[in-house]
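Welcome! Let's look at this structure together and ask, point by point, how each description is earned.

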Amino acid sequence: MQLDSTELTPVVNRLKRAQGQLAAVTRMLEEGRDCKDIVTQLAAVSKALDRAGFAIIATGLEQCITREDASMNKKDLEKLFLSLA
C-alpha cells in the first residue's frame, strides 16, 4: 500500500523535529550533561517517533477503509500497529 505523501506532511515535520531532538541528545551526551536532562530529551524523541508511527498507521488504515485497498488485510494492519506497542 502506498500512502499519500500530502496527507503525511505533519508526520514528516514531526520526524524532522525528532531528528533535531535526537541530535541534541547526542550533543548532550558528548558534553557530559546531566542524566535527568538527557533522559527527558530522549523520552521526548521516543514519544515523537511513536506518534509519527501511529499517524502513519492511522493514515494507512483510513486509506484501506475508504479505498478498499486489498494489499493490506486486517492481520497485517494489526501487526504494524502492535509493532509500535
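Q: What share of the contacts in the protein chain, between residues at least 6 apart in sequence, joins residues at least 24 apart?
A: In this predicted model, 68% of those contacts join residues at least 24 apart. A contact here needs heavy atoms within 4.5 Å.

Q: Which pattern does the protein chain follow along the sequence?
A: The pattern is α-α-α, and the count agrees with three helices and zero strands.

Q: How confident is the predictor in the protein chain, and which elements have the lowest and highest mean pLDDT?
A: The mean pLDDT of the protein chain is 84, with 89% of its residues at 70 or more. Among the elements, helix 3 (residues 74-83) has the lowest mean, 77, while helix 1 has the highest, 94. As a rule of reading, predicted coordinates should not be read in detail where pLDDT is low.

Q: How do you know that the length of helix 1 agrees with its number of residues?
A: Helix 1 runs over residues 9-31, which is 23 residues, and at 1.5 Å a residue it should span 33 Å. The expected span uses one less than the number of residues. The end C-alpha atoms of helix 1 are 33 Å apart, so the two values agree.

Q: Which residues of helix 1 are buried?
A: They are Val11, Ala18, Ala24, Val25 and Met28. Over the whole protein chain of 85 residues, 21% count as buried.

Q: Why is Arg17 called exposed?
A: Exposed means over 50% relative accessible area. Arg17 has 52%, so Arg17 is exposed. Arg17 sits in helix 1, and its C-alpha atom is 8.2 Å from that of Ala48, although the two are 31 residues apart along the chain.

Q: What makes Pro10 count as exposed?
A: Its relative accessibility is 55%, and the cut-off is over 50%, so Pro10 counts as exposed. Pro10 also lies in helix 1. From Pro10 to Ala55 there are 45 residues in sequence, yet 9.1 Å in space, C-alpha to C-alpha.

Q: Why is Thr59 called buried?
A: Buried means under 20%. Thr59 has 11% relative accessibility, so Thr59 counts as buried. You will find Thr59 in helix 2 (residues 35-67). Setting aside neighbours within four places in sequence, Thr59 is in contact with Leu3, Glu7 and Leu8.

Q: What makes the pair of Ala55 and Thr59 a polar contact?
A: A polar contact needs N or O atoms within 3.5 Å, one able to donate a hydrogen and the other to accept it. The backbone oxygen of Ala55 lies 2.9 Å from a polar side-chain atom of Thr59, so the distance is within that cut-off.

Q: How many salt bridges does a search of the whole structure find, and which residues form a salt bridge?
A: The search finds one. Arg33 forms a salt bridge with Glu31, and their closest N and O atoms are 4.0 Å apart. The cut-off for this name is 4 Å. In general, side chains of opposite charge can pair when their charged atoms come close.

Q: Why are Arg33 and Glu31 described with separate words, partly exposed and exposed?
A: Partly exposed covers values between the 20% and 50% cut-offs. Arg33 has 41%, so Arg33 counts as partly exposed. Glu31 has 51%, so Glu31 is exposed.

Q: What phi does Gly32 take, and where is this residue?
A: Gly32 comes just after helix 1 and takes a positive phi of about 75°.

Note on methods:
Residues numbered from 1 in each chain as written. Predicted model: local features only at pLDDT ≥ 70, side-chain atom pairs only at ≥ 80, totals over all residues. Heavy atoms only, no water. Helix = DSSP H or I, 4+ residues; strand = E, 2+ residues; numbered from the N terminus. Buried < 20%, exposed > 50% of the residue type's maximum accessible area, 1.4 Å probe, protein only. pLDDT = per-residue confidence, 0-100. Salt bridge = Lys/Arg side-chain N within 4 Å of Asp/Glu carboxyl O.
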